[in-house]
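Me: Please take a close look at a single chain of this model, and walk me through how its strands, helices and domains are put together and what they touch. I would like one connected account, and a short comparison case from elsewhere in the model is welcome.

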Amino acid sequence: MNYYLRRLWQAVFTLVVVIALTFVLYRMMPGGPIEQMEQRMIDEAIGSGQDPDLQYIRRMVEIRTGIDPNKPMYIEFYEYMRDIILYQDFGESINSGDPVFDILFYAMPWSIFVSVYGLLIGFTANIVLGAVMAYYEGSRFDSGSTIVAVVLNSIPYYVGAVIMLAFLSFQWELFPTGGRYWAGTEPGFSIEFALGVLHHGALPIMSTILIGFGGTALSMRGNCIRVMGSNYLRVARLRGLSDSRIATRYVGRNAILPLYTGFMIGLAGIFGSSIIMEQIFTYPGVGWYTFDALNQRDYPLLMGILIFFSTVTVIGVLIADLTYGLIDPRASSNDREGF
Amino acid sequence: MSDSSLHSAGSVSKPDTIFEVENVSVSFDMNRGHSRVVDDVSVEIERDEIIGVVGESGSGKSMFAAALLDAVVEPGLLSGEITYYPEDGEPIDVLSLDDDELRRFRWEEVAMVDQGAMDSFNPTMSIEEHFRETILAHEANLEEGMDHARELLAELYLDPDRVFEAYPHELSGGMQQRTLIALSMVLKPNVIVMDEPTAALDLLMQRSITSLISQLRDKYGITVIFITHDLPLVAGLADRLGVMYAFDFVEFGPTYDVLKDAAHPYTRALLKAVPNTLTPLEDMRPIDGDSPDPVDVPRGCSYHPRCPLATQECIDSDPSFYEVHGDRERLSACHHWEDAAEAIPYSLSTEERV
Amino acid sequence: MARSADPVVELDNVQVHFNDTGFIDKLRGDETIVHAVEDVSLDIAENEAIALVGESGCGKTTLGKVAVGLQRPTGGTIRYRGQDIWEAKENGRNSEIPYSKIRQSLQIVHQDPGSSLNPNRTVLTSLEVPLKMTQSEMGADAREQRIYQLLEYLGMKPPQDYAHRYPHQLSGGEQQRVALGRALLMSPDVILADEAVSALDVSLRVEMMDLMHDLQEVFNTSFVFISHDFANARYFAGKVGGKIGVMYLGELVEFGPAEEVIRNPQHPYTKVLSWATPTLDPDLAAEESMDPPVRKIDIPDPVNPPSGCRFHTRCPDAREACARESPSLQRGETDSLVSCFRMDDQHEYWNSDPFEGDDDPTEREHAGEQ
């Protein structure tokens with residue numbers, strides 16, 4: 001139990017540090033949101049021929065950013081943390097004025113849809129490929145697949161995405177070039193809508209599969225070969241176990257386990273790459289808004305996204321760690337070194 | 001083991017053979033040349049005996065063990081003939097069994113325990129599951145089998161409940177080794193091949209395990225082939241010893257006789273070189289020279305470059321077994337076995353010197 | 001306790017506890033302390049051979065590492081020629097004997113030489129490192145000659161051939177020789193040989209130990225030889241008139257001249273080890289009991305060592321007194337120092353009830369079968 005508590009505590013600690021960091025960045029960054037907004041309002045005032053009323057501008061900035069320079073820092077910090085943790089209040093987007101939380105909340109399911117499916121399909125394909133490669137170790141199939149895996153692994157995903165978009169959407173018009181569902185359909189539980197979602201999501205999902213494709217297959221291949229050479233597998237064969245049991249319970253399980261944590265961390269990596277990918281496919285998920293916010297210097301939204309990405313990563317690693325103890329009995333106990 | 005003398009006395013009638021190994025070789029093709037790691041070995045193993053196979057690392061003893069179960073790893077090539085005689089029923093030609101027959105032959109008739117006990121269990125599976133899957137794979141009665149497993153574990157000074165629910169890493173090396181012995185016996189095999197089963201364990205655990213093996217043999221009537229480099233370890237355990245040098249046996253005999261008055265110069269040199277607590281310290285001597293390379297085994301008697309008795313005869317002809325003192329139980333592959341005692345004296349205790 | 005006239009290294013009441021407590025455990029006040037070494041005093045004289053024996057987990061390696069300054073004791077002191085080693089490390093230049101000199105004088109040879117030698121370096125380059133350190137004024141040619149000499153001395157002929165090999169091209173015995181040679185080039189006063197022959201075939205062990213004895217004579221080096229094997233310890237210490245120390249769960253339970261400890265074991269635990277050492281004499285083997293002379297064959301957890309005499313949970317002679325009070329080293333009828341109440345005729349042990357034990361029935365039932 002100590003192990004679980006310890007991991008949980010670490011996760012919470014990491015999140016608090018991240019939120020605190022956004023607080024500090026938000027306030028202290030040179031050219032940060034306050035200065036920037038002030039500057040813009042002054043420019044606007046001058047542009048419209050008025051004398052800039054600094055007093056008024058400061059008040060407006062205060063209201064829009066929620067930062068009151070007269071309040072002591074620790075009270076500000078307390079309120080910032082309280083709003084986020086208790087009320088999920090990340091402030092409002094500078095550009096649209098909508099609450100940051102709402103923007104992210106509506107965009108998130110789309111991003112999760114694309115990345116989870118992409119990751120799951122990619123991971124499964126990789127594992128199967130790696131296992132087959134290991135089974136035929138040294139064969140022409142093995143060396144051929146190794147080359148393909150290395151090549152695929154070194155092609156940047158955005159290059160793959162652009163190529164797919166160019167051929168599959170524009171050239172052959174098999175898939176739509178953007179959007180999340182057909183404009184004519186109402187979001188809801190209808191077959192029409194669901195098919196539209198799948199059709200629109202297919203390309204982003206495929207390009208997600210492409211991310212790190214091959215790398216996992218090569219790791220899986222290595223793990224399989226290591227397990228197949230182990231003494232316990234030799235003993236299992238001598239004990240007369242069936243090939244299918246050896247393949248699943250011995251080779252499969254012991255070879256996939258080390259990849260498990262990588263899978264969970266991969267989740268975070270995919271959210272990161274969604275920034276560019278969703279832009280390419282004009283797919284309004286979290287990544288798309290991130291790109292937008294970066295362009296517009298929409299700091300509150302950016303901070304919200306930073307917290308969001310960190311949360312996803314920390315939760316992913318946490319789930320991996322916690323469940324790892326369930327599937328791998330060696331992880332949960334503290335092995336003491338001999339002395 | 002006082003009953004070892006009984007075995008040799010009772011050898012007037014033909015001993016009840018359980019394994020007959022004839023001209024078995026294991027070879028590998030390496031870049032440096034053709035390497036024979038078991039070289040034309042012939043040996044008979046008697047039912048219900050504990051035979052100690054002693055040899056240095058790289059003498060071919062582990063390959064010999066694997067050959068008995070037709071489990072030589074690729075790309076090793078196994079040739080020769082191995083016949084297994086069940087208590088009742090037709091003799092089995094081990095090397096011509098098909099996959100399914102071999103699968104049943106292993107563990108049901110002949111089981112194996114090797115030195116890698118720390119690495120013999122699936123790290124992500126409980127010990128109980130190992131027993132269960134083994135019983136099920138051989139279509140044996142699960143309940144009876146598990147009861148037998150519990151009994152075996154208890155006999156090996158283990159708490160069956162605790163061991164069953166444990167994962168391999170939760171057991172100490174000694175516990176894993178004993179668990180592996182129980183696992184090897186769960187299907188009630190007639191033969192257990194043990195390849196260095198106590199290497200890497202503490203002295204006390206080694207000795208306890210050898211005692212337990214002896215007790216299990218007496219209780220269940222199994223034949224044990226105990227393979228080790230540690231001569232003193234089998235001295236108190238085996239009924240009979242077979243000494244391997246350079247990929248073949250050089251001496252056979254009842255343990256008592258071999259230890260008291262070994263008839264091969266290598267065995268005698270080995271007895272002098274092994275640290276023990278009785279031999280006077282000034283009498284212990286390392287064996288001169290190096291062990292041979294499997295690619296380039298000396299011709300004639302493979303021990304001749306290191307042997308003080310070597311003559312031209314030893315270089316010209318590879319000695320076959322001589323009966324020592326007319327005793328057909330005692331065999332020595334040495335042209336000059338009669339002179340060995342005088343040329344290489346040794347003593348096993350402080351008082352006497354053979 | 002185990003004192004000598006002019007020691008190179010003195011250990012006084014050394015204690016090593018490893019803290020194995022996690023952060024959350026600490027918050028909750030749960031501490032996991034491994035008692036690796038408990039109150040051991042030992043002197044290592046010039047040109048001496050001391051063998052430490054015991055089961056794995058008895059703390060022999062930890063004690064050995066304390067003796068060569070690789071492990072800081074949590075209690076007690078360790079001095080090199082009168083200078084406290086850990087004080088020297090902290091004081092830097094102010095100490096009488098500089099720490100670097102001490103470090104150089106105390107060397108270690110590991111059980112697995114394969115992993116202690118750099119796989120990407122030839123024998124020659126591995127051996128050059130200590131020479132460059134100790135004799136920086138030496139020219140490259142002279143250094144090479146010196147290494148060839150050493151290799152020849154270590155029985156690795158022709159040295160020019162061996163010098164250019166990589167560790168994987170050497171046998172286990174040869175790797176161990178190189179590791180030993182590397183330690184010797186530092187001209188150490190004490191070498192800790194941690195299970196240095198255990199990985200070798202029995203037939204090669206005597207040769208390796210003979211080599212160490214030769215080197216001891218030539219280089220005037222003391223050896224602390226760690227082994228779980230009584231026969232090896234006997235040969236190593238006995239051949240050169242050295243001593244054997246028997247350790248159990250962090251404590252030194254018997255210490256005396258090698259042959260004395262082997263032939264005339266006093267402590268019940270030493271007797272167990274003696275039983276466990278297989279004999280080659282078939283007549284004697286036939287007389288020996290097959291059952292181990294212990295209550296349990298598995299060693300207790302060093303996190304919670306038993307009260308009183310730590311061996312009492314396994315000791316066949318244990319009485320109630322042993323669970324209450326812990327004995328200290330004292331001289332019995334022989335030259336050995338023994339930590340057992342049975343050495344003292346006057347002790348209340350003799351009037352106390354036999355120890356019943358408190359463990360699970362399976363194990364006691366079997367022990368009772370003897």
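Reply: What follows is a reading of chain B, beginning with its domains and ending with its partner chain and a helix pair in another chain.

The model is a predicted one, and within it chain B is divided into domain 1, covering 16-240, and domain 2, covering 248-343. The C-alpha centres of domain 1 of chain B and domain 2 of chain B lie 28 Å apart, and the contact between them takes 19 residues from domain 1 of chain B and 13 residues from domain 2 of chain B. On the side of domain 1 of chain B that touches domain 2 of chain B, strand 2 and helix 9 (231-235) of chain B each supply at least two residues, with strand 2 of chain B giving the largest share, eight residues. Sorted by class, that side of domain 1 of chain B holds eight nonpolar, four polar and seven charged residues.

Strand 2 of chain B also belongs to a sheet. This is an open sheet of four strands in chain B, with the order 2-1-4-5 and antiparallel pairing. Its edge strands are strand 2 (33-46) and strand 5 (92-93) of chain B, each of which pairs on one side only. Helix 2 (residues 61-68) of chain B packs on this sheet and touches strand 1 (17-30), strand 2 and strand 4 of chain B, while its direction makes about 60° with that of strand 2 of chain B. At the other edge, strand 4 (residues 77-84) of chain B pairs with strand 5 of chain B in the antiparallel sense over two bridges, and here B:Thr83 stands opposite B:Asp93 in strand 5 of chain B.

Further along the chain, strand 12 (residues 327-332) of chain B pairs in the antiparallel sense with strand 10 (residues 248-254) of chain B over two bridges, and B:Phe252 has B:Leu331 of strand 12 of chain B as its bridge partner. Strand 12 of chain B also pairs with strand 11 (residues 322-324) of chain B, again in the antiparallel sense but over three bridges; there, B:Tyr322 has B:Ser332 as its bridge partner. In the hairpin of strand 11 and strand 12 of chain B, which has two residues between the strands, B:His325 takes a positive phi near 50°.

Outside its own fold, chain B meets chain C in a contact that takes 41 residues from chain C and 44 residues from chain B. On the side of chain C that touches chain B, at least two residues each come from helix 10 (202-219), helix 11 (230-239), helix 13 (268-276), helix 14 (282-287) and helix 16 (361-367) of chain C, and helix 11 of chain C provides the largest share, seven residues. The residues on this side of chain C divide into 18 nonpolar, nine polar and 14 charged.

As the comparison case, the axes of helix 5 (residues 100-135) and helix 9 (residues 215-228) of chain A come within 7 Å and cross at roughly 45°, which makes helix 5 of chain A oblique to helix 9 of chain A. The crossing of these two helices of chain A is right-handed. Among the residues that make the contact are A:Phe123, A:Ile127 and A:Met133 of helix 5 of chain A, together with A:Leu218, A:Cys224 and A:Ile225 of helix 9 of chain A. The residues of this contact in chain A divide into 12 nonpolar, four polar and one charged.

Methods
Residues numbered from 1 in each chain as written. Chains lettered and ligands numbered in written order. Predicted model: local features only at pLDDT ≥ 70, side-chain atom pairs only at ≥ 80, totals over all residues. Pairing = 2+ DSSP bridges. Contact = placed C-beta atoms within 7 Å. Axes fitted to C-alpha atoms, helices over the stretch in contact; angles between N-to-C directions. Domains from an automatic or database assignment. Nonpolar A, V, L, I, M, F, W, Y, C, P; charged D, E, K, R; others polar. Parallel < 35°, antiparallel > 145°, perpendicular 65-115°, else oblique. Left-handed = near helix turned anticlockwise from the far one by under 90°.
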